[in-house]
Amino acid sequence: MNFKVGELIIYQNGDSYEIGKIKRLCDDGAFVFYHGGSTASKTPYDCMHKLINAYCITETTLGGAE
């Protein structure tokens with residue numbers, strides 16, 4: 001899948017799911033914000049899923065103030 005910087009994703013970690021916002025793309029994954037701070041976590045692409053209706057989320061605090 002083709003992901004983009006700034007895109008919202010769902011991260012699947014076992015039976016848990018989190019919404020994240022992509023900060024930076026790498027060859028083997030992406031750095032993703034999962035909270036309002038400025039630290040992003042490296043996430044493998046195979047655990048990331050696109051949100052089809054992400055356009056409905058117009059405001060978020062993921063990644064803090066930009």
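**Strand 1 and its neighbours**

I began with the pairing of strand 1 and strand 5 in this predicted model, and found the two joined by 3 bridges and running antiparallel. To fix the register I looked up Ile 10, whose bridge partner in strand 5 is His 49. I then turned to the pairing of strand 1 with strand 2, residues 16-26, which is antiparallel as well and extends over 6 bridges. Here I noted Asn 13, which has Ser 16 in strand 2 as its bridge partner. The connection is a hairpin with 2 residues between the strands, and Gly 14 in this turn has a positive phi of about 65°.

**The rest of the sheet**

Next I followed strand 2 onward to strand 3, residues 29-33, and counted 5 bridges between these antiparallel strands. A hairpin makes the connection here too, passing from strand 2 to strand 3 through 2 residues, and I recorded Leu 25 as standing opposite Ala 30 in strand 3.

In which order do the 5 strands lie in the open sheet? I read the order as 4-3-2-1-5, with antiparallel pairing. The edges are strand 4 (41-43) and strand 5 (48-50), each of which pairs on one side only. From one strand to the next I noted a twist that averages 50°.

**Thr 43**

I looked at Thr 43 because at 2% relative accessibility this residue counts as buried, and I placed Thr 43 in strand 4. Its side chain makes a polar contact of 2.8 Å with the side chain of Tyr 34, while a polar atom of the Thr 43 side chain lies 3.2 Å from the backbone oxygen of Ser 41. Leaving aside residues up to four places away in sequence, I listed the contacts of Thr 43 as Tyr 11, Gly 29, Ala 30, Val 32, Tyr 34 and Met 48.

**Aromatic pairs**

How many aromatic pairs does a search of the whole structure find? I obtained 2. For Phe 3 and Tyr 45, the ring centres are 5.7 Å apart and the planes stand at 5°, so I entered the pair as stacked, the cut-off being under 30 degrees. This pair links distant parts of the chain, since Phe 3 sits in the segment before strand 1 and Tyr 45 in the loop between strand 4 and strand 5, 42 residues apart. I noted Phe 3 as buried because its relative accessibility is 9%, whereas Tyr 45, at 25%, counts as partly exposed.

For Tyr 11 and Tyr 34, I found ring centres 5.3 Å apart and planes at 45°, so this pair is tilted. Tyr 11 lies in strand 1 and Tyr 34 in the loop between strand 3 and strand 4, so the pair ties together parts that are 23 residues apart in sequence. I recorded Tyr 11 as buried, with a relative accessible area of 16%, and Tyr 34 as buried, with 15%. Both of these tyrosines had already appeared among the contacts of Thr 43.

**Asn 2**

Is Asn 2 buried or exposed? I entered Asn 2 as exposed, because its relative accessibility of 66% is over the 50% cut-off. Asn 2 is placed in the segment before strand 1 (8-13). Not counting residues up to four places away in sequence, Asn 2 touches Glu 7 and Lys 50. Finally I looked up the separation of Asn 2 and Ala 54, which are 52 residues apart along the chain, and noted 15 Å between their C-alpha atoms.

Terms used:
Residues numbered from 1 in each chain as written. Predicted model: local features only at pLDDT ≥ 70, side-chain atom pairs only at ≥ 80, totals over all residues. Heavy atoms only, no water. Helix = DSSP H or I, 4+ residues; strand = E, 2+ residues; numbered from the N terminus. Buried < 20%, exposed > 50% of the residue type's maximum accessible area, 1.4 Å probe, protein only. Contact = heavy atoms within 4.5 Å. Pairing = 2+ DSSP bridges. Axes fitted to C-alpha atoms, helices over the stretch in contact; angles between N-to-C directions. Polar contact = N/O pair within 3.5 Å; in protein donor to acceptor, adjacent residues only side chain to side chain. Phe/Tyr/Trp six-rings, centres within 6.5 Å; stacked < 30°, edge-to-face > 60°.
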